[in-house]
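This briefing introduces a structure to a reader who has not met it before. Please look over the sequence and the model, and then read the points below by topic.

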Amino acid sequence: MKEFDVVTLGELLIDFTDNGKSEQGNTLFEANPGGAPCNVLAMLNRLGHSTAFIGKVGKDIFGLKLKSVLQEVGIDISNLIVDEEARTTLAFVQTMADGDRDFSFYRNPGADMLLTADEVNDDLVKSARLFHFGTLSMTHEGVREATKKAVRLAKESGAVVSFDPNLRPPLWKSLDDAKEQVAYGLTRCDVLKISDNEIQWFTGEEDYDCGIGKLRREYDIPLILLSMGKDGSRAYYKDLRVEVPSFLQKETIETTGAGDTFGGCCLHYVLEYGLENLNEERLRDMLTFANAAASIITTRKGALRVMPHPDEVKRFLESRK
């Protein structure tokens with residue numbers, strides 16, 4: 001028995017999302033707690049799992065607020081470090097006319113980049129059934145070492161390792177460097193959550209199945225989850241390929257956090273059934289539930305504090321039958 005179902009390491013930041021215009025015609029931004037790893041944990045908490053986060057924020061109004069929010073949603077913060085000198089990372093998110101998003105980061109350096117390997121609590125990592133990480137904690141050398149240390153400890157302790165590239169090109173010195181770190185994640189993970197544009201970028205294949213096929217030939221990843229936005233999602237597992245359509249809503253306002261919500265729901269199924277005990281029915285149920293939860297989150301500002309409850313997702317699915 002392990003103390004935590006899921007432990008993550010990575011970025012914790014403020015997403016400033018477009019919230020209309022002032023009377024003077026100036027853009028208004030809403031400060032939403034965010035960061036992909038904690039968004040995933042927040043969804044898992046909603047689904048009844050015990051979770052913990054490893055990371056660093058600044059001792060400023062944003063960092064202290066983020067610490068408070070993690071406590072509010074039930075995420076363990078025993079390895080959240082508050083840096084006296086650094087500033088908390090900020091991300092400004094602009095939604096484009098086609099629904100895509102453009103990110104501007106204030107992070108050079110941000111506190112999350114300054115986490116060191118020595119600051120990672122070994123026992124906390126070893127206490128997890130599942131360890132989840134992305135690449136925003138691999139953009140710079142120090143935090144990259146911290147991430148790789150945590151991944152190594154997780155593998156040694158027998159945890160399932162989950163990876164989401166979560167590519168943000170502006171944060172990398174070069175996309176070749178990004179590709180190298182994504183490749184590292186692919187060699188270590190048991191569960192991969194990857195988006196449509198990421199699979200095309202990494203493999204050079206326009207067709208998703210061809211891209212996934214390329215990954216599967218090169219990397220031994222038991223479960224690959226492909227998110228395709230408004231086109232739904234797919235799961236690739238053993239000889240199975242399961243696809244489920246999305247749930248489009250007129251009430252959608254922005255998609256920030258939708259992929260993390262989807263990923264958290266899928267990890268819930270992995271925790272419930274085990275990585276060896278999935279089948280076509282369970283994969284279809286998993287994708288359907290995850291797509292529904294992701295659809296709900298697109299109707300809300302931010303994600304971390306407003307993840308849907310399981311009963312809410314079930315009622316939403318009933319309404320769509």
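A salt bridge is a side-chain nitrogen of Lys or Arg within 4 Å of a carboxyl oxygen of Asp or Glu. By this rule, the count in this predicted model comes to 18 salt bridges. For aromatic pairs, the count comes to 11. The points below take up examples of these contacts, then the packing of helices, and then details of the backbone.

**Salt bridges**

- The side chains of D209 and R234 meet in a salt bridge, with 3.0 Å from N to O. This pair links distant parts of the chain, since D209 belongs to helix α7 (residues 208–218) and R234 to strand β12 (residues 233–237), 25 residues apart.
- The two partners differ in their surroundings: D209 counts as partly exposed at 30% relative accessibility, whereas R234 counts as buried at 11%. R234 is classed as buried because its 11% relative accessibility falls under the limit of 20%.
- K321 forms a salt bridge with E318, at 3.1 Å from N to O. K321 is exposed, with a relative accessible area of 79%.
- Through salt bridges that share partners, D209, R234, R241 and E243 are joined into one network.
- Another salt bridge is formed by K214 and E205, whose closest N and O atoms are 3.7 Å apart. This pair counts as a salt bridge because 3.7 Å is within the cut-off of 4 Å.
- K214 is partly exposed at 33% relative accessibility, and E205 is also partly exposed, with a relative accessible area of 27%.

**Aromatic rings**

- The count of aromatic pairs comes to 11. In one of them, Y269 and F289 form a tilted pair, with 6.4 Å from centre to centre and 55 degrees between the planes.
- Y269 lies in helix α8 (residues 258–273) and F289 in helix α9 (residues 280–297), so this pair ties together parts that are 20 residues apart in sequence.
- Y269 and F289 are both buried.
- The Y269 and F289 pair counts as tilted because its angle of 55 degrees is neither under 30 degrees nor over 60.
- A cluster is formed by F16, F29, F62, F92 and Y106, which are linked by ring pairs.

**Charges over rings**

- K148 lies over the face of Y184, at 4.5 Å from the ring centre.
- The charged end of R168 sits over the ring of F103, at 4.3 Å from the centre of that ring.

**Packing of helices**

- The axes of α8 and α9 come within 8 Å and cross at roughly 150 degrees. That angle makes α8 roughly antiparallel to α9, because angles over 145 degrees are counted in this way.
- The crossing of α8 and α9 is right-handed. The same two helices hold the ring pair described above, with Y269 in α8 and F289 in α9.
- Helix α1 (residues 36–46) packs against α8 at an angle of about 50 degrees, and their axes are 8 Å apart. This makes α1 oblique to α8.
- α1 passes α8 in a right-handed crossing.

**Backbone details**

- Most residues other than glycine have a negative phi, and most peptide bonds are trans.
- The peptide bond from N108 to P109 is cis, with omega near 0 degrees. P109 lies in the loop between β7 (101–106) and α3 (122–126).
- N166 is not a glycine, yet has a positive phi of about 45 degrees. N166 is placed in the loop between β9 (160–164) and α5 (175–188) and counts as buried at 12% relative accessibility.
- K238 also has a positive phi, near 55 degrees, in a residue other than glycine. The position of K238 is in the loop between β12 and β13 (240–244).

**A buried position in helix α5**

- V182 is found in helix α5 and counts as buried at 2% relative accessibility.
- From C-alpha to C-alpha, V182 and G110 are 21 Å apart in space, and they are 72 residues apart in sequence.

Methods
Residues are numbered from 1 along each chain as its sequence is written. This is a predicted model: local features need pLDDT of at least 70, side-chain atom pairs count only at pLDDT 80 or more; totals for chains, interfaces and linings use all residues. Side-chain values use heavy atoms; hydrogens and water are left out. Buried means under 20% relative accessible area, exposed over 50%, partly exposed in between (1.4 Å probe, protein chains only). Helices (H or I, at least four residues) and strands (E, at least two) are DSSP runs, numbered from the N terminus. Rings of Phe, Tyr and Trp (its six-membered ring) pair if their centres lie within 6.5 Å; planes under 30 degrees apart count as stacked, over 60 as edge-to-face and the rest as tilted. A charge sits over a ring if NZ of Lys or CZ of Arg is within 6 Å of the ring centre and within 35 degrees of the ring normal. Axes are lines fitted to C-alpha atoms, for helices over the stretch in contact, and angles run from 0 to 180 degrees between N-to-C directions. Angles under 35 degrees count as roughly parallel, over 145 as roughly antiparallel, 65 to 115 as roughly perpendicular and the rest as oblique. A crossing is left-handed if the near helix is turned anticlockwise from the far one by less than a right angle, and right-handed if clockwise.
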